[in-house]
Amino acid sequence: MKKKLKVMMLLHPEMVPPEDLSEPDDPRHDKYRTEMDVKQALQKLGHQVIIVPVHDDIAPIRQAVESWQPEIAFNMLEDFAGFGALDFYIVSYLHMLGVPYTGCNARGLLLSRDKALSKKLMAYHRIRVPRFRVFPVSRKPTLKRAVSLPYPMIVKSKIEQGSVGIAQSSYVENAEELIERVQQLHQMSGEDAIAEQYIEGRELYVTVMGNQRLEVLPIRELVFDKLDDSMHRIATYQVKWNEKYRDKWGIDYRFARNLPQGVEAQINHLARRVYRVLEISGYARLDLRLADDGKIYVLEANANAAISRDDDVAYAAQKAGYNYEQLIQKLLNLGLRAMHGS
């Protein structure tokens, strides 16, 4: 689709790039990198762009729709009123207004965001996931609920994405450590925690794009080859977002190399199954573990994953033949088609 569109970018108010952010060496670029990358790509493609900040009120969306009549919304919201579990309300509202949007539909966001619910659904469909247990914030964790788990375990938020709340201390080896970390997470986030079985092996990321017809992009890997033996090989918040930390510990993102014979085909098939089971549309990045025994575990599905120029989605798309602007256009096209059930 080559038509020039009126695109309404939905951003969190604190992530709206300043008007004077133009110099490439401006240190503020780090904060607004994704937002600037997407905005500039849309403009380079010839689309008209307005930015609509949204926090805890949907009125700005309705006002923009009525006054400007956008042809599509580029949805970059990860929560509503600070609650990640409410992100699907925004796309539900857009759907009711009849405005197409990029990324995942409301049902897919709801199912994939909840790490426990998504694992239950995948397990029902015989997709291999780590064993897990939920520790609600409303209930004090007890030894009785913790002793029978298959340690070591990883404790994380049941809802948050982007490795929020995950640190080296999230790796626990017994019930006492688990209870301590669960209580810490409850205090930090005020949200339910999930403890899931730690799977020793390779951490792989695979991006899927599409609505009805799906495309699986080349597999990326988080490599810990040079990590000190005292450190646990997990994708912590520091690993995800701190380049200096990765350089210090020799951690690197790259395309997966030397996968065992047949594994790539297995992952491509598995990725499509997960995408359909969780009813995702638009695009998503799936986090997998290839265990030492060759079994593949699905850790989670990240609908509307990060899409700056230097994120895994963009790198995988480039490897598949899409430059960055073509990737952004692809997401627009998928959003427009989704509104018409294609």
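**Exercise 1. Decide whether Asn 268 is buried, partly exposed or exposed, and place Asn 268 in the fold.**

Solution. Start with the number: Asn 268 has a relative accessible area of 22%. Buried would need a value under 20%, and exposed a value over 50%. Asn 268 therefore counts as partly exposed. Keep in mind that we're working with a predicted model here. Next, the place: Asn 268 sits in helix H10, which covers residues 263–277. For a sense of distance, take Lys 156, which is 112 residues away along the chain; its C-alpha atom and that of Asn 268 are 27 Å apart.

**Exercise 2. Check whether the end-to-end distance of H1 agrees with its number of residues.**

Solution. H1 runs over 33–44, and that makes twelve residues. The expected span is 1.5 Å times one less than the number of residues, so H1 should span 16 Å. Now compare with the model: the end C-alpha atoms of H1 are 16 Å apart, so the two values agree.

**Exercise 3. Find the buried residues of H1 and say what they pack against.**

Solution. Go through the helix with the burial cut-off of under 20% relative accessible area. The hits are Glu 35, Met 36, Asp 37, Val 38, Ala 41 and Leu 42. A bit of helix geometry is handy at this point: with 3.6 residues a turn, residues three or four places apart in an α-helix point the same way. Then look up the partners. The buried part of H1 packs against three strands, S1 (6–11), S2 and S3 (72–75), and also against helix H12 (324–338).

**Exercise 4. Describe what the chain does at Gly 46, just after H1.**

Solution. First locate Gly 46: it belongs to the loop that links H1 to strand S2 (48–53). Then read the backbone, where phi is positive, at about 95 degrees. Accessibility comes next; Gly 46 is partly exposed because its relative accessibility is 36%. Last, look back along the chain to Glu 35, eleven residues away: the two C-alpha atoms are separated by 17 Å.

**Exercise 5. Work out whether the whole chain is as compact as a globular protein of its length.**

Solution. Begin with the inventory: twelve helices and 13 strands. The radius of gyration is 20 Å, close to the 20 Å from the globule rule for 342 residues, so the chain is as compact as a globular protein of that length. Along the principal axes, the C-alpha atoms fill a box of roughly 60 × 45 × 45 Å. As for burial, 52% of the 342 residues count as buried. Finally, take the contacts with a separation of 6 or more: 70% of them join residues 24 or more positions apart.

Conventions
Residues numbered from 1 in each chain as written. Predicted model: local features only at pLDDT ≥ 70, side-chain atom pairs only at ≥ 80, totals over all residues. Heavy atoms only, no water. Helix = DSSP H or I, 4+ residues; strand = E, 2+ residues; numbered from the N terminus. Buried < 20%, exposed > 50% of the residue type's maximum accessible area, 1.4 Å probe, protein only. Rg over C-alpha atoms; globule rule 2.2 N^0.38 Å. Contact = heavy atoms within 4.5 Å.
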